[in-house]
Amino acid sequence: MSTFLELGLKEPITRALTDLGYEKPTVIQEKAIPQIISSIDDLKAFAQTGTGKTAAFSLPILQLADETKNNTQAIILSPTRELAVQIGNNIQEFSKYIPEIKVATVYGGANIEEQIRKLKKGAQIVVGTPGRTVDLIKRKALKLGNVEWLVLDEADEMLNMGFKDELDKVLEATPETKQTLLFSATFPREVEAIAKNYMTTPVEITSGEKNSGSKNVKHIYYLVSERTRYPALKRIADINPDIYGIIFCRTRRETQEIASKLIADGYNADALHGDLSQAQRDTVMEKFRQKNIQMLVATDVAARGLDVNNLTHVINHKLPDQIENYTHRSGRTGRAGNQGISIALINKKEKGKITPIERKLKQKFEQAMIPTGDEVCQKQILHLIDRVKNIEVNENEIEGFLPNIYEKLAGLNREELIQRFVSLEFNTFLSYYENAQDLNDLSKDTSGKKGKASSENMTRFFINLGRKDKLNPARLIGLINDQNITEALDIGAIDILDTFSFFEVDKDYEQATLEAFEANSPEFSGRGVNIEITKKEKSTGGGRRRGRRPFKDGGNRRGGNSDRRGKRNNNPSAGFGRKRRKR
Ligand code: AMP
């Protein structure tokens, strides 16, 4: 393994790298840096996020850029504002001992005039998102006529996000003589097309196997039904008390739904999606970086550019439509030499998606069983005991209180003390899981089937159509599915009568069902369709009642400060984590 100096970088750069704690180049840096410094050939680099690719393209550019000239010499395109800002900041850090180098970062959603002023002052290196870059070219504020390096970072993401036209425009604004450096974690057809059309016999380098996943990531799937998907997610969170991860969802609505449920159930979670303002997104991301949020529920797009290296888990609440996105999602964990776990919650129908992903990753998934209530309790208790064992005791601070405490507890022996302490912390938790069902059995149900027994998890709807309207169960299921309420909605019992009917859907989607029918105003056999929630007798079935949920506090399960809704933390089991440990 070489040093940065041996790769051909000058002393001001290596000094900055030492300051940053970069001791040795990563694989991609070792390959890319000497290649870019010594050759003007275009470069195609297969590199996942977290491999050190930013330094791999930035350092040779800093080495070669002419700091005595003010014109734009390098343009770096990145898919998101967050990633662009991160790259801009990194380059500033790398060039701190070359003060003449100026970096301008330009992105949408921010004041364009300010960015224009910055560009006017001169910046040898410009980092930008595709849309804003094109805007600035059109306004003649950004001149790329003398550009020597064009970097397309996360090219696959840029194309996924629909930036093909913008990439074409930027490419057209740059001279033929430039060197194009394309970095991508995956190489689907669209990326290969860019390489083919805009690059001349590029040199290929890779930081690992082409299109394969990180070997530091273990891939696990849990078989769920639509009814057990969310409870399974909670059990996974409960069996991993130190979880620090991203839960990926496919839509903004799903993201908000899951985050809201987790927050309401007392988990330390929040949502990140495109319906939030930029300021809200920044706040959520910062909280997550600071580990004030343990589980970030996010869409693929929103989570891009979030630079966090030590995620323990990535959870696919639903698998993405495109296999490439699974690679991206799972690549968020197992970074910078850490081990990570990527979990997929899949129903029977989705099982077929696993093999193509395995092929792409060149890695096998393991099927895991959803933890039982007993397993969760065991884990949580041992976790608490470990924390008790490892807690740092600050004798000075508690000294004054101890005599009174000792006196009060004088009549209790060691065993009694332990029993009381565990009961205090766990009674609510244990009673929540006391009669917990085996979700693995429930998950064997195929969702969406007619005639499923009515349960407390379902809401019964009245619909103003019946046999006279030629309604039958299959047509009713079709009508419900046409409303696009959610992916694979759980439909329960159906009763078709002469002029009206009843159907059940997953209680979690009762509001969404009402809203969808209202918004779509569907017609059936020439009639407008109306639905209403019917009053249902309270179920006496074996399930748990809401009031007994363990972390039902609307606040931070570990006592952190993410309670945006301002509810009081009355969570009886929160005591053991009031001061959340910094991991
Ligand atoms: P990137 O793939 O560029 O997003 O980098 C991933 C993370 O690794 C970032 O936090 C970098 O600061 C860090 N990093 C990159 N190169 C090195 C290196 N040679 N030594 C230590 N850390 C590095």
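Biologist: How many Å separate a backbone N or O atom of K24 from a nitrogen atom of the ligand?
Modeller: Bear in mind that this is a predicted model. A polar contact needs a pair of N or O atoms within 3.5 Å. Here one partner is a backbone N or O of K24 and the other is a ligand nitrogen, and their separation is 2.8 Å.

Biologist: Which residue has a polar backbone atom 3.3 Å from an oxygen atom of the ligand?
Modeller: G52 also offers a polar backbone atom to a ligand oxygen, but that distance is 2.8 Å. The 3.3 Å value goes with a polar backbone atom of K53.

Biologist: What percentage of the ligand's area does the protein bury?
Modeller: Start from the ligand taken alone, which exposes 490 Å². Of that area, the protein buries 79%.

Biologist: Which residues come nearest to the ligand?
Modeller: There are 14 residues around the ligand to choose from. By residue type, they split into three nonpolar, four charged and seven polar. The nearest ones are Y22, K24, Q29, G52 and T54.

Biologist: Which domains each give at least three residues to the shell around the ligand?
Modeller: The shell doesn't draw on one domain alone. At least three of its residues come from each of two domains, and these are domain 1 (11–207) and domain 2 (217–372).

Biologist: Which side chain is 2.9 Å from the side chain of N347, in a polar contact?
Modeller: N347 is in the loop that runs between β13 (340–346) and α15 (354–361). Its relative accessibility is 5%, and buried means under 20%, so N347 counts as buried. Its side chain makes the 2.9 Å polar contact with the side chain of E226.

Biologist: How many aromatic pairs does a search of the whole structure find?
Modeller: Ring centres have to lie within 6.5 Å for a pair to count. Searching the whole structure on that basis gives a total of 10.

Biologist: What angle lies between the planes of F46 and F187?
Modeller: A pair of aromatic rings is described by the distance of the centres and the angle of the planes. For F46 and F187 the centres are 4.2 Å apart. The pair is classed as tilted, with a plane angle of 50°.

Biologist: How many residues apart in sequence are the parts that the F46 and F187 pair ties together?
Modeller: F46 counts as buried at 5% relative accessibility, and F187 does too at 7%. F46 sits in strand β1 (residues 43–46), while F187 is in the loop between β6 (179–184) and α9 (189–198), so the pair links parts whose separation in residues is 141.

Biologist: What is the centre to centre distance for Y244 and F288?
Modeller: Y244 and F288 form another tilted aromatic pair, with 40° between the planes, and the centre to centre distance is 4.8 Å.
Y244 is in the loop between α10 (229–239) and β9 (245–249) and F288 is in helix α12 (residues 278–289), so this pair ties together parts 44 residues apart. Both residues are buried. The distance you asked for is, again, 4.8 Å.

Biologist: Is E154 buried or exposed?
Modeller: Phi of E154 is positive, near 50°, in a residue other than glycine. E154 belongs to the loop between β5 (149–152) and α7 (155–160). Its relative accessible area is 7%, and the cut-off is under 20%, so E154 is buried.

Biologist: And N484, buried or exposed?
Modeller: N484 isn't a glycine either, yet it has a positive phi of about 50°. You'll find N484 in the loop between α21 (473–482) and β16 (491–496). With a relative accessible area of 62%, over the 50% cut-off, N484 is exposed.

Biologist: How far in space is G526 from D469, going by C-alpha atoms?
Modeller: G526 is in the loop between β18 (523–524) and β19 (527–528), and counts as exposed at 66% relative accessibility. Along the chain, G526 and D469 are 57 residues apart, but their C-alpha atoms are separated by 8.9 Å.

Biologist: Which residue is 28 residues from Q339 in sequence and 8.8 Å from it in space, C-alpha to C-alpha?
Modeller: Q339 lies in the loop between α14 (323–330) and β13. At 59% relative accessibility, Q339 counts as exposed. The partner at 8.8 Å is L311.

Methods
Residues numbered from 1 in each chain as written. Predicted model: local features only at pLDDT ≥ 70, side-chain atom pairs only at ≥ 80, totals over all residues. Heavy atoms only, no water. Near = heavy atom within 4 Å. Polar contact = N/O pair within 3.5 Å; in protein donor to acceptor, adjacent residues only side chain to side chain. Areas by Shrake-Rupley, 256 points an atom, 1.4 Å probe, with all protein chains shown as cover. Nonpolar A, V, L, I, M, F, W, Y, C, P; charged D, E, K, R; others polar. Domains from an automatic or database assignment. Helix = DSSP H or I, 4+ residues; strand = E, 2+ residues; numbered from the N terminus. Buried < 20%, exposed > 50% of the residue type's maximum accessible area, 1.4 Å probe, protein only. Phe/Tyr/Trp six-rings, centres within 6.5 Å; stacked < 30°, edge-to-face > 60°.
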